[in-house]
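Please look first at the overall path of the chain, and then at the charges on its surface. The paragraphs that follow take these topics in turn.

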Amino acid sequence: MGFQFQFQPVFARMDALLDGLWLTLQLAGIGILCGALLGILLAMLRGLGGRATRILVDAYVELVRNTPFLVQLLIIFFGMPSIGIRLSAEQAALSAIILNLGAYATEIVRAGIESVHRSQIEAGLSLAMTRWQVFRHVVLAPALARVWPALSSQFVLMMLSTSVCSFISVQELSAQAANVESETFRSFEVYITVTLIYLALAILLRLLLAGLGAVLFPAGSGLGRLRGQVGR
Amino acid sequence: MIRQFTQSEFLFILASARWTLLLTVMSMLLGGLLGFLVALARTSRLAPLRALAAGWIGVIQGVPVLMLLFLSYYGLALAGFDLPPLIAATVSMALYASGFLGEIWRGSIQAVPWQQWEASSALAFSRPQQYRYVILPQAMRIAIPPTVGFLVQLVKNTSIVSIIGVVELARAGNLVNNATFQPFKVFGTVAAIYFVICWPISLLARRLEGRLHARRAG
Amino acid sequence: MPVVQVEGVHKRFGAVEVLKGIDLAVEGGEVVAIIGRSGSGKSTLLRCINGLEQIQSGRIEVSGHSIDPSGKGLRELRKDVGIVFQSYNLFPHLRVGENIMLAPRIVLGVSKAEARSRAEETLAEVGLAERFDAWPDNLSGGQQQRVAIARSLAMRPKVMLFDEVTSALDPELTGEVLATMERLARHGMTMLLVTHEMGFARRVATTTVFMHQGKVWEMGPSERIFGAPETPELRQFLGGGLK
Ligand SMILES: Nc1ncnc2c1ncn2[C@@H]1O[C@H](COP(=O)(O)OP(=O)(O)OP(=O)(O)O)[C@@H](O)[C@H]1O
Ligand SMILES: [Mg+2]
């Protein structure tokens, strides 16, 4: 085995990798933000709405959770133009990310909402709050505090899954890795480098989310004590 | 030439599901074996072993499955193995599974009440005997629902091995789409097949989880 | 006109009829105790008066707001009815003061300053003025229950409902909650309370209602109910089981 690792050619194309990293960050950042909001919204609708709403939301959640992200991406990217909706690869990718994360977030937040005891809701109602006010002021914050770790894990998984967007040639980090690979032929070195970048990103994101959790649900507060009581 | 999406295209896609399933089963077995070792190491009394396992889990859960695939694919080639892509695919999926199953099973082992360790120590069980007769049987019951749940993740993630040329479901869909240009029909079919595979497993996982909770509560 | 008027109320859970035609009137300033065996429908009656359960037939009117089986006008009614539960049900994510301020702010729309002064006032009333910034789960059960009472009082209700508010408490904490309620009664609050504290009911309640099998079995001035029970069921209830 006379193989020698050569990282210099890879480092020489760091600019390409950094471009990719920037796009990955954008996809993940916007995707997580919008996906989380979608999840909260749908979990709320499911809780407050009627039977039909519940069935629709559940169907969406089940469909997304039981099919691969890649296939969802391909349906959106190739399928939408065929019904007259033109999407750039980036737009298709972002839509797929939001729809995918939205389903997982819905499920997680729903579990959080259901963990809030009925008596809390009755206490709110008996103080003459509307159902919406009860949700907003009594249910939501404790529900989110309880599932924050589960949500955080899902966010990290989603960030890592943005790599799949390279399949439709979105020029994010993995796609740029493939570009650099075909220029340099240092396949293993390229992918080791990029893997380490992802790993660093995942660690940073976890720290960030833990920090955010500590700010939103501070230890020693009522919410801090609820943090992470429901998870998977 | 544009072909129609006919029965034969459908059958082609359907038949490719066997590679998805084969890949899932093989990587579950291999990954399960490795994951078991990871879980044992993670709950070991030896701090370095614990750290090693924790590191392994952290890395596997901190990198995209796609990168595990490329690293396996090019890594095996570098090591001088000239193997079909299916092997690299299996290896990468097994690595992926080991990280997640290792963590799931660590949790299950640690969910067994510590008094069980104490009680079995008091009966002069050796450490392996404690595992074999007391801890693992109880941990297993706790582990089954999330393990079944993870199986769904595994099935879905095998779709990415299409990029190294394994003609499983996703790749078959791509091939047919390139020939027919009927993306909704084609990928809809692919999605439906995945759904038919995954949904029953998801339901089973939920049922098992419900039953476990009922038993623990009652 | 009575503050609370209950007429011919029937309540079923599925096929099981829990309230079988309840008639009850509570005048302003009156303290009415409801006693009876477990399962006789006491909690259900209170929950119906607050609209937490829907009734199948009959009518409930509280200070001019009525609820009928359709459930209309519930919120208006609830503004005038405070209820305190056995399990205090404080909001764990809000401090004591915030727990009390929340409903006046978002339901009644009072200013923050006004809500704050109401919270301080009601907390003082239950003897917890200095715990304004505490977290609920740092309080003892008795203190939490008093905060729950203050939270209801801050809405300035016309009537307060209490459902076995001391049952979850250790005996040594029961006293402080009962004392709070007694003070409330002395200050003229109209109260309807379900209790197993017979001594308290006899001393504080003007009227006592004995519920049995979903009906008002016997009712009258507390002295008479406890001193000279008429029905054998009530005699047995008072004689057996309780000191
Ligand atoms: N949500 C419900 N669904 C079905 N049955 C119910 C429900 N709530 C109460 N019941 C039934 O109604 C009956 C009366 O219950 P309720 O709680 O009013 O009794 P109670 O007099 O308050 O008893 P306790 O002293 O034990 O609190 C009981 O038989 C109970 O099982
Ligand atoms: Mg009761």
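A helix, as the word is used here, is a DSSP run of type H or I with at least four residues, and helices are numbered from the N terminus. The model under discussion is predicted.

By that definition, the secondary structure of chain B consists of eight helices and zero strands. Read from the N terminus, the order of elements is α-α-α-α-α-α-α-α. The C-alpha trace of chain B extends about 75 × 50 × 25 Å along its principal axes. Among contacts in chain B between residues at least 6 apart in sequence, 75% link residues that are at least 24 apart.

The next matter is how much of the chain is covered. Chain B has 218 residues, of which 47% count as buried. The area that chain B exposes is about 10600 Å², and 69% of this area is supplied by carbon and sulfur atoms.

Charge may now be considered. Chain B carries 17 positive and 6 negative side chains, and 8 Å separates the centres of the two sets. Which residues form a positive surface patch? They are Arg141(B), Arg207(B), Arg211(B) and Arg215(B). Helix α8 of chain B, residues 183-217, gives the most to this patch, contributing three residues. Arg141(B), by contrast, has its place in helix α6 of chain B, which covers residues 127-157.

Why can Arg141(B) be counted in such a patch? A patch residue must have over 30% relative accessible area and no salt bridge. Arg141(B) meets the requirement on area because its relative accessible area is 47%, which makes the residue partly exposed.

Methods:
Residues are numbered from 1 along each chain as its sequence is written. Chains are lettered from A and ligands numbered from 1 in the order in which they are written. This is a predicted model: local features need pLDDT of at least 70, side-chain atom pairs count only at pLDDT 80 or more; totals for chains, interfaces and linings use all residues. Side-chain values use heavy atoms; hydrogens and water are left out. Patches are made of residues with over 30% relative accessible area and no salt bridge: like charges are joined within 9 Å, nonpolar side chains (Val, Leu, Ile, Met, Phe, Trp, Tyr) within 5 Å. Accessible areas come from the Shrake-Rupley method with a 1.4 Å probe; for residues, only the protein chains shown count as cover. A salt bridge is a side-chain nitrogen of Lys or Arg within 4 Å of a carboxyl oxygen of Asp or Glu. Lys and Arg count as positive and Asp and Glu as negative; His and the chain ends are not counted. The place of a charge is taken as NZ of Lys, CZ of Arg, CG of Asp or CD of Glu. Helices (H or I, at least four residues) and strands (E, at least two) are DSSP runs, numbered from the N terminus. Buried means under 20% relative accessible area, exposed over 50%, partly exposed in between (1.4 Å probe, protein chains only). Contact means heavy atoms within 4.5 Å.
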